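Reader: I have some labels to check. Please set each value against its cut-off and conclude.

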Amino acid sequence: MIYLDNAATTQMAPEVLQAMLPFFSDVYGNASAVYGLGARARQAVFEARKQVGALIGAAPEEIYFTSGGTEADNWAIKAVAETFADRGKHIITSKIEHPAVLQTCEWLERRGYEITYLDVDKDGLVHVEDVESALRSDTILISIMFANNEIGTIEPIAEIGSLARRRHVLFHTDAVQAFGQVPIDVEDMQIDLLSASAHKVNGPKGVGCLYIRSGVKIHPFLHGGPQERSRRAGTENVAGIAGFGAAARRAARILAEKQKREMSLRDDLIRRLESEVPWCRLNGHRSRRLPGNVNFSFSFVEGEALLIRLDMAGICASSGSACTSGSLDPSHVLLAIGLSHELAHGSLRLTLSEANTKAELDIVVETVKKAVELLRQMSPLYEDFMKNQSLEENI
Ligand SMILES: *Cc1c(COP(=O)(O)O)cnc(C)c1O
């Protein structure tokens, strides 16, 4: 099997599993308990808070553990909306956010908030000037993702952060795809709220965090206990949190090496697909791009059909079309960067990890090339296109 769907989830690292195991067996104490068994759980949660914070330049007490990236996004946006409703009801976001952000904004819209969904350019970049012109006196939040999960484009976060700070508007970023993949510093980048998730960075599923800058007073997400400094109640998921901490520590250790390796594999894969498969288009920015992200559209090919062909060859990949959303609508991200419905349906996302090899990518290139050829042979549109091509050549 060749796993190229690391933007959907990652394999847990062995050291992460090791870090979690004691909390499923011997160390079962409640982290709030006074006796030794509870103290050991509490200590693990504290260590994890330090490790997760360290990866983004945050203090441990600015990290609030959640059930994942989705909850962190919901919390950040809903809590800012609720806390500052008397100051204003306008939020700025982009058209290419993850559904956890977009659908939260849509929910608020139905409750009287006004949301500006910014356009992006053909590479998927949000323009800082557009953020600036969307600002109003009643704007309470800017929420722009750090890096896009489909096309890998990395947004100008530091510039947006600086604008937000200058204009006294809170800035949230969904950094689920960037956390542990590219360097992040919440101080330098002037980020007030940041969402991250463990399972996208070789940690366990079901745990993530919201970074809340100290001094940013937003309402709690869950009521009912003193956990997470009374802002996210509920007995801690100690094993999951310990796993998240171990994943963050590992990510910090390997980040530079991982980044270098993935970028080289990525650029090689992009170059080869571009040279070996005709009528394809790279989606997303060529250089301002997540180290492991490759996303192509192939004309006259259905993304779903391509995925099935790849699956038959043991390759796990994803497409920006139907399967992710469970509907037949093409990806909102691909439409936002200006692709036609046809091209948006013909997309393929290959997301690498540091564990992928050149030999695997050789197989992937060959398989994609063959599958695209085969699917085009079955496409009436492709047949017409080729007829016209040869007519033109004869003139
Ligand atoms: C995966 C992902 C999420 C959701 O995180 P979960 O931990 O799976 O809830 C949110 N935003 C982005 C950009 C993601 O890639």
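Author: Start with Ser230, which sits in helix α7 (residues 227–230). Keep in mind that this is a predicted model.

Reader: What makes 227–230 a helix?

Author: A helix here is a DSSP run of H or I with at least four residues. Residues 227–230 form helix α7, so the run counts under that rule.

Reader: Why does Ser230 count as partly exposed?

Author: Its relative accessibility is 41%. Buried means under 20%, exposed means over 50%, and partly exposed lies in between. Ser230, at 41%, therefore counts as partly exposed.

Reader: What is said of phi at Ser230?

Author: It is positive, about 65°, although Ser230 is not a glycine. Asn202 also has a positive phi, near 65°, and is a residue other than glycine.

Reader: Where is Asn202 found?

Author: In the loop between β7 (193–197) and β8 (208–212).

Reader: Why is Asn202 called buried or exposed?

Author: Its relative accessibility is 9%. The cut-off for buried is under 20%. Asn202 therefore counts as buried.

Reader: Turn to the ligand. Which residues come nearest?

Author: There are 13 residues around the ligand, and Thr70, Asp174, Gln177, Ser197 and Lys200 come nearest. By class, the shell has two nonpolar, eight polar and three charged residues. Helix α3 (residues 69–83) gives the largest share, three residues.

Reader: What makes the pair between the ligand and Asp174 a polar contact?

Author: A nitrogen atom of the ligand is 2.6 Å from an N or O atom in the Asp174 side chain. The cut-off for N or O pairs is within 3.5 Å, so a pair at that distance qualifies. Lys200 offers a side-chain N or O atom 2.8 Å from a ligand oxygen atom. Gly69 uses a polar backbone atom, 2.8 Å from an oxygen atom of the ligand. The protein covers 87% of the 390 Å² of accessible area that the ligand has on its own.

Reader: How do you know that the radius of gyration agrees with a compact globule?

Author: With 395 residues, a compact globule would have a radius near 21 Å; the protein has 22 Å, so the two agree. The C-alpha atoms fill a box of roughly 85 × 50 × 35 Å along the principal axes.

Reader: How many residues count as buried, as a percentage?

Author: Of the 395 residues, 57% count as buried. The protein has 14 helices and twelve strands. Among contacts between residues at least 6 apart in sequence, 72% join residues at least 24 apart.

Note on methods: Residues numbered from 1 in each chain as written. Predicted model: local features only at pLDDT ≥ 70, side-chain atom pairs only at ≥ 80, totals over all residues. Heavy atoms only, no water. Near = heavy atom within 4 Å. Polar contact = N/O pair within 3.5 Å; in protein donor to acceptor, adjacent residues only side chain to side chain. Areas by Shrake-Rupley, 256 points an atom, 1.4 Å probe, with all protein chains shown as cover. Helix = DSSP H or I, 4+ residues; strand = E, 2+ residues; numbered from the N terminus. Nonpolar A, V, L, I, M, F, W, Y, C, P; charged D, E, K, R; others polar. Rg over C-alpha atoms; globule rule 2.2 N^0.38 Å. Buried < 20%, exposed > 50% of the residue type's maximum accessible area, 1.4 Å probe, protein only. Contact = heavy atoms within 4.5 Å.
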